[in-house]
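This report describes how two protein chains meet in a single model. The account proceeds from strand pairing to the interface as a whole and then to its composition.

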Amino acid sequence: MKICVCVKQVPDPNLPSRVDPATRRLVRNPDQSILDPADEYGVETALRLVEAHGGEVVAITMGPPSAADALRRAMAMGVNRAIHVSDPALAGSDAPTTARVLAAAIRGEEPDLVVCATEATDAYSGMVPGALAEALDLPQLTFARSVEIDGTTVTVRRDVELGSQVIQTQLPALLTVTASIAEPRYPSFKGVMAAKRKPIDERTVASLGLEPSAVGEVGARERVLSVEEVRTEKQGKVVRDDGSGSSVDEIVAFLQRIQVV
Amino acid sequence: MATRRIWVWTELFEGQPHRLSLELLTAARELGSAESILLGPAGDDAIATLGTHGAAVVHHGADQAYADCLVEPQVATLATLIDRESPDLLIFPSTFTARDVLARLVGRLGLGVVSNAVGIDYDGEELRVTVPYGSDTQATITIAGPAPHAVQVRPKAYAAEAVGGQAEVRPVDVPVDANACRVKLLETTQQEALGPNLEEATVIVSGGRGLGRPENFALLDTLARQLGGAVGASRAVVDAGWVPYSYQVGQTGKTVKPNLYVACGISGAIQHLAGMKGSKFIVAINQDPDAPIFEVADLGVVGDVLTVVPELTKRLNG
């Protein structure tokens with residue numbers, strides 16, 4: 001079985017995110033960027049499926065040269081090899097374009113399964129996996145909490161507003177996973193060392209047979225017109241508790257003032 | 001110019017229109033003619049509810065296949081309807097199904113799309129969508145190229161309003177292609193009431209990593225009961241398995257706007273703030289004086305949540 005897992009390098013979500021006023025894009029500092037934690041669940045899922053059924057896992061990313069670090073991390077976890085689509089023309093690509101580019105990189109691999117996170121932790125749009133499934137003409141199983149493969153039948157349990165659902169399709173298919181699916185492994189020292197020698201296939205817009213004018217910022221239909229500060233009129237009072245619960249007077253007074261107690 | 005046609009992706013929840021679809025009818029009414037797209041079997045009362053919330057038209061496809069198969073039949077029908085009727089704008093709520101359908105439709109038609117919107121407007125002919133963007137900035141985004149444009153809207157950006165009215169029902173006669181039915185729904189089981197009713201609660205007491213251990217979550221149950229509220233959680237502790245997903249407040253969980261939000265041991269990652277910063281009053285208790293949660297708090301307490309919360313509970317009892 002061959003599994004392609006899509007990953008992305010994102011700004012560390014534990015740090016405040018900033019928008020560059022000139023480009024109106026999120027500031028992406030490579031030194032403060034990591035493999036999206038949401039993608040680690042996809043990598044883990046792919047690795048477990050291959051451990052159970054045999055085969056290989058290929059990680060795919062679209063991103064600047066520094067995004068190779070995210071691929072190395074995935075390979076340190078156990079992914080066999082990687083494809084890195086990197087091209088200055090891709091900067092500022094929107095979700096449909098990203099999906100088309102990933103599809104072009106994945107198509108030749110003819111995977112049995114494509115695994116994605118539910119959404120990236122920087123933009124949270126969640127549009128790429130579904131658009132990718134459409135571009136590859138694959139059925140999509142989304143928001144998986146667990147996954148089982150039996151022959152060519154893939155069955156997913158997921159939690160939605162209506163309750164817990166069991167959904168099923170036939171391979172090849174695209175799967176998106178949630179954080180409930182499996183605890184991602186931490187790369188071992190051996191894994192980190194091995195990852196340095198694993199191959200990364202570097203692709204450009206031209207090598208994928210795409211038109212530069214159809215991708216990146218020029219091809220994007222979404223246009224940021226302006227970025228405004230959101231005034232948080234909060235920044236209220238901050239008190240320090242001395243360790244004995246001394247702040248409780250303040251809290252009770254506040255709750256009384258807003259008439260909760 | 002002609003009235004804009006605004007299509008609202010409509011889902012049912014327990015036989016009635018989903019609350020988030022009703023919220024979007026308010027947005028659609030403000031922008032033009034509100035039309036519901038409702039695929040799947042539905043009762044007359046559900047359709048009547050759409051009318052009273054401002055839908056001028058309900059495009060209803062009653063085929064059972066929409067209930068038995070996921071995503072692809074809905075996308076195929078939508079694509080056909082869009083081609084035939086040329087709506088100006090498609091708006092989708094932030095539900096699981098809506099996201100699945102929209103993402104695939106975007107892939108099929110190459111639509112321009114904006115997600116996570118908190119406001120939609122037109123400036124003349126130009127669409128203006130407001131989205132949170134960065135920790136303390138928001139962006140105004142437009143979509144270039146031909147209509148229809150698509151926007152997915154965050155919960156509670158608009159309030160559902162029963163304005164009265166009756167919708168004209170137009171049956172959707174697009175045949176469902178059996179080949180599009182590749183993903184089958186085998187089973188749906190109701191969860192144990194899906195956890196706390198965070199959307200309706202006026203007070204929410206929410207916990208994060210700062211509680212140290214899952215057992216300490218019980219402290220929040222007590223405080224929430226005293227304040228007449230529900231218990232929520234940050235993504236970190238949901239991921240860690242302390243409480244079920246139904247407790248999660250944040251960008252990927254629930255968006256809440258209670259009268260009072262008490263954040264206990266939550267640092268306030270952007271992902272969490274996105275789901276709760278619309279709360280009217282926020283009290284934050286956290287050990288770290290630099291935690292971002294204090295930037296949105298009306299009252300911040302720098303201290304150990306395991307000391308402060310029990311002390312507060314004792315005082316409220318006394």
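## The interface of chain A and chain B

In this predicted model, β12(A) and strand β10 of chain B (residues 137-143) run antiparallel and are joined by seven bridges. Within this pairing, Glu229(A) stands opposite Thr137(B) of β10(B).

The contact between the chains involves 78 residues of chain A and 86 residues of chain B. Together the two chains bury about 7100 Å², and carbon and sulfur atoms account for 57% of that area.

Polar and charged interactions also cross the interface. Between chain A and chain B, 29 residue pairs are in polar contact, with both residues at pLDDT 80 or more. Seven salt bridges are found across the interface of chain A and chain B. In a salt bridge between Glu134(A) and Arg104(B), the side chains meet at 2.8 Å, N to O.

Several elements of chain A each supply at least two residues to the side that touches chain B; among the helices are α1 (37-53), α4 (128-135) and α7 (248-257), and among the strands are β7 (140-150), β8 (153-160), β9 (163-170), β12 (222-229) and β13 (237-240). The element that gives the most to this side of chain A is β12(A), with eight residues.

The residues on the side of chain A that touches chain B divide by character as follows.

| Character | Residues of chain A |
|---|---|
| Nonpolar | 36 residues |
| Polar | 21 residues |
| Charged | 21 residues |

Thus β12(A) both pairs with β10 of chain B and gives the most residues to the side of chain A that touches chain B.

Terms used
Residues numbered from 1 in each chain as written. Chains lettered and ligands numbered in written order. Predicted model: local features only at pLDDT ≥ 70, side-chain atom pairs only at ≥ 80, totals over all residues. Heavy atoms only, no water. Contact = heavy atoms within 4.5 Å. Buried area = accessible area lost by both parts, 1.4 Å probe. Salt bridge = Lys/Arg side-chain N within 4 Å of Asp/Glu carboxyl O. Polar contact = N/O pair within 3.5 Å; in protein donor to acceptor, adjacent residues only side chain to side chain. Helix = DSSP H or I, 4+ residues; strand = E, 2+ residues; numbered from the N terminus. Nonpolar A, V, L, I, M, F, W, Y, C, P; charged D, E, K, R; others polar. Pairing = 2+ DSSP bridges.
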